[in-house]
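Hi,

Here is the structure I promised to pass on. Have a look at it first, and then read my notes underneath.

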Amino acid sequence: MVKLSILMFVFLGYRVQVVFFFDIGSTVRSEESFSEDPLEQVLSDWSERKPNFFSWRGKSCGVDSVDNALQVVSLNLSGSSLTGSISPSLGRIPPELGRLSQLQNLVLQQNQLVGPIPSELGNCSNLIVFTAAVNNLTGAIPEEMGSLQNLQILNLANNSLTGVLPIQLGELSHPVYLNLMGNGLEGLIPKSLVNLGNLENLDLSVNKFSGGRIWEFSKVSLYGKIPENICSNTSSTLEHLILSGNLLEGDIPMQIGECLSLKQLDLADNQLNGSLPTQLFELLNLTDLYLNNNTLIGTIPALIGNLNSVETLTLYHNNLHGEIPKEIGLLGKLQIFYLYENQFSGEIPLEIGNCSSLQMLDFFGNQFTGRIPVTIGRLKNLKLLHLRQNDFSREIPSTPGNCKELTILDLADNHFSGNIPDEFRSVVNLTRVNLSNNRLNGSIDPLCVSNSYLSFDLTNNLFGEKISPQLGSSPSLERLRLGRNHFIGEIPPTLGDITELSLLDLSSNSLTGIIPPELSSYKKLTHIDLDNNPLDGSVPPWVGSLPNLGEIKLSSNKFSGPLPRTIFNLSSLLVLSLDNNSLNGTLPPEIGDLSSLNVLNLERNQFYGQLETFRLSQNRFDGEIPADLGQLHDLQSVLDLSNNNLTGGIPPSIGILSKLEGLDLSHNELVGKIPSQIGGMSSLGRLDLSYNNLQGELDEQLSHWPADVFAGNFKLCGRPLVTQCNTKDTKHVRSRLSTSSVVAITATLTLAGVVVLLLAGLILVSRRKHQYLRRADVDGNNACSSSSSVQRR
């Protein structure tokens, strides 16, 4: 929401009668231009058959100053639920009626008029008041409106007007009130508006004004900055300057101190930076100062004490730092003081107690330290005390117990310790208390006097006594958080009187006994957390009759007995945590009716028997299928997760479900290869993996299934599918041969090589032997012929 407002003042109780100067025929034609009269009486008497038009609804008459002729001078149709468009004939004075001197006032606000504002209205040169706010008018504001030199009040707020502001509006001579908020106007704010010296109210908020140059005053072109001479022409009359909700940047100009009559300055929701100019604290008439949601830096100067008329001071969500000056105590009229989400530090000055009119004090999200000042107790009108997320420590003082008008007390996320002061019993109008994440102990009884609580949060403290039954006296309490403390005793049955309760957190305490049956009245309960207590008894059947339950957390107690079947009627249940108890019995097949369930934890109990069916189909489950499903060893009949948004691969652990007869994972977004363990599930009689993104070659053990089982997975191949794996896939498969296969093939090849070598060796030896024998024969003959010679030797 973009907002640009100047000179805002509250325009209350201004009820005028609209003055028209046209003939009866024009009036009737105007009546005809409204396409519907839902009240059937707003315009019922607008007729030529009733010449006494003085009696027509919303009209009155005047006397022309020239010839004393009676003329229609007044029409007020505000809040008449009229629909249709504004007739273009309005303001067109016929030539024969040229003696009618002026049209003064026109009020058409709070109807259902559509269409554009007719440019002919610019002919009504003596128009003083024109208001058509809270309609459905569209189109641009006619340039001819700038010719209405007598116009003082122009109110076109809360329509659907578009386009840019016509520069001719800056030529108006006497405008006092100009309200164009709540439209779709855009572009630059024309520099001519600075000439409207008599203007007391200009509201251009909640439009779409943007761009670089916001205003051009005198001869200075401003790009995204607040004009330095913004008060030069209106220093004596400017009372309300509202520039919130834009893209203004840069420093707050020092010349802002020239706007001596300023009562309201709103520069919130921009991109202003720099520090607070000292001239800002010279605006002694200032009652409201809004500088929140910017990027201002620096500190709050001691000069803040000059603004002794200020009632509202909002500096939240900036980058301001330092300590709060003690001069803050001079602001005796201050009612609203918001500093949250800055970097203030140090202790809150004791002088804060002098701000006797203070009603709302919010210092959330800073770095304040020390104790809460005891002078807080002087603030008899204080309604909100919000000091969350700081570094306060030590005990909570007793003096806030004097703030009997206090309705909201939030001291969470600090380092407070000690007991709740007994003086807090006097604060009987509290509606919201948050003291979570501190080190408080003792009894909570002093906080339980109010019967108007909407929220009560003491999470993560050291409270160690019984839960006060008085908490049940706040029937409108919606959120009760007492978890992570040391509360003892039984859950008070009086808590059942809190008929509006939606969240109950009593976890991580030392509560004993049963869940009281009085809690069955919690028809609006959405979350119940009783984890980590020594509660016993059975899980009450009435839990299943709480129609809005989304979370049931009863883990780590001593509950026993069977699980009530009524729980499985909770169609909105998201979390069911019953682990670490002594629950027993069988789990009924209705557990599959928990169609919204995200978390189911039943471990460490004594359930037995067969879990025959697990149906969670046609839901919106996403993420991967948990591998823990493989631990449902007795799951026998069906595991149905079809028609969800499950992703990832099929966990091989599902193959461990040796009794499973039906597996349906169809219509999800599962990817990857189908695990071989699925093919080995001999108990399966029904399998559906269709319409996923599974891929790869089907295992041989899956080849006996019909092809429909794998339909819609376009990257699957192999039997029983028609699509066979291509060569590239085959090579890819071969490249992934197991190590044992590689070893076997290598051994075979090695053995074959050895055999070949042996054969080659034998052949070679045989040949050499043959050659040797032939050579031996030759040598033998030679030897015989020379034997005598040898012998002689």
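Below is what I found, going from the whole chain down to single residues.

One thing to keep in mind from the start: this is a predicted model.

**The whole chain**

The protein chain has 793 residues, and 49% of them are buried. If you like counting secondary structure, you'll find five helices and 56 strands. The accessible surface of the chain is about 36700 Å², and carbon and sulfur atoms account for 50% of that. What share of the contacts with a separation of 6 or more comes from residues 24 or more positions apart? It is 51%.

**A sheet to trace**

Try following the open sheet made of seven strands, whose order is 23-25-27-29-31-33-35. The pairing in this sheet is parallel. Which strands sit at its edges? They are strand 23 (321-322) and strand 35 (462-463), and each of these pairs on one side only.

For a closer look, go to strand 31 (residues 415-418) and strand 33 (residues 439-442), which run parallel and are joined by two bridges. Gly 418 has Leu 440 in strand 33 as its bridge partner.

**The nonpolar core and its phenylalanines**

As background, nonpolar side chains in soluble globular proteins tend to be buried together. Here, the largest nonpolar core holds 111 residues. Which of them touch the most other members? Phe 337 and Phe 456 do. Setting aside neighbours within four places in sequence, Phe 337 has contacts that include Leu 313, Ile 328, Ile 352, Leu 358 and Phe 363.

Phe 337 also belongs to an aromatic cluster, together with Phe 344, Phe 363, Phe 368, Phe 392 and Phe 416.

The structure has 10 aromatic pairs. Take Phe 368 and Phe 392: their ring centres are 6.3 Å apart and their planes are at 15°, so this pair counts as stacked. The two are 24 residues apart and link distant parts of the chain, with Phe 368 in strand 27 (residues 367-370) and Phe 392 in strand 29 (residues 391-395). Phe 368 and Phe 392 are buried.

Phe 463 and Phe 487 make another stacked pair, at 6.2 Å centre to centre with 15° between the planes. This pair links distant parts of the chain as well: Phe 463 is in strand 35, while Phe 487 is in the loop between strand 36 (479-481) and strand 37 (488-490), 24 residues apart. Phe 463 and Phe 487 are both buried.

**Cysteines**

How many disulfides are there? The count is one, and it joins Cys 717 to Cys 725, with 2.1 Å from S to S. The torsion about that S-S bond is about 90°, so the disulfide is right-handed. Cys 717 has a relative accessible area of 7% and Cys 725 has 18%; the cut-off for buried is under 20%, so Cys 717 and Cys 725 both count as buried. Two other cysteines worth finding are Cys 355, buried at 0%, and Cys 448, buried at 1%.

While you're in that part of the chain, look at the peptide bond from Arg 719 to Pro 720: it is cis, with omega near 10°. Pro 720 lies in the loop between strand 56 (715-717) and helix 3 (727-734).

**Loops worth a click**

Is Asn 294 buried or exposed? Asn 294 is in the loop between strand 21 (288-290) and strand 22 (312-314), and it counts as buried because its relative accessibility is 5%. Beyond its sequence neighbours within four places, Asn 294 contacts residues including Asp 269, Gln 271 and His 317.

That contact Asp 269 has a quirk of its own: a positive phi of about 60°, although it is not a glycine. Asp 269 lies in the loop between strand 19 (264-266) and strand 20 (271-272), and is partly exposed at 37%.

Finally, visit the loop between strand 32 (432-434) and strand 33, where you'll find Ser 436. Ser 436 is buried, with 4% relative accessibility. Not counting residues up to four places away in sequence, it touches Asp 413, Asp 457 and Thr 459, among others. Asn 437 is in this loop too. Asn 437 is partly exposed at 27%, and has a positive phi near 60° without being a glycine.

Enjoy exploring!

Note on methods
Residues are numbered from 1 along each chain as its sequence is written. This is a predicted model: local features need pLDDT of at least 70, side-chain atom pairs count only at pLDDT 80 or more; totals for chains, interfaces and linings use all residues. Side-chain values use heavy atoms; hydrogens and water are left out. Two strands pair if DSSP finds at least two bridges between them. Helices (H or I, at least four residues) and strands (E, at least two) are DSSP runs, numbered from the N terminus. Buried means under 20% relative accessible area, exposed over 50%, partly exposed in between (1.4 Å probe, protein chains only). Contact means heavy atoms within 4.5 Å. Accessible areas come from the Shrake-Rupley method with a 1.4 Å probe; for residues, only the protein chains shown count as cover. A nonpolar core is a set of buried Ala, Val, Leu, Ile, Met, Phe, Trp, Tyr and Cys residues joined through side-chain atoms within 4.5 Å. A disulfide is a pair of cysteine sulfur atoms within 2.5 Å. Rings of Phe, Tyr and Trp (its six-membered ring) pair if their centres lie within 6.5 Å; planes under 30 degrees apart count as stacked, over 60 as edge-to-face and the rest as tilted.
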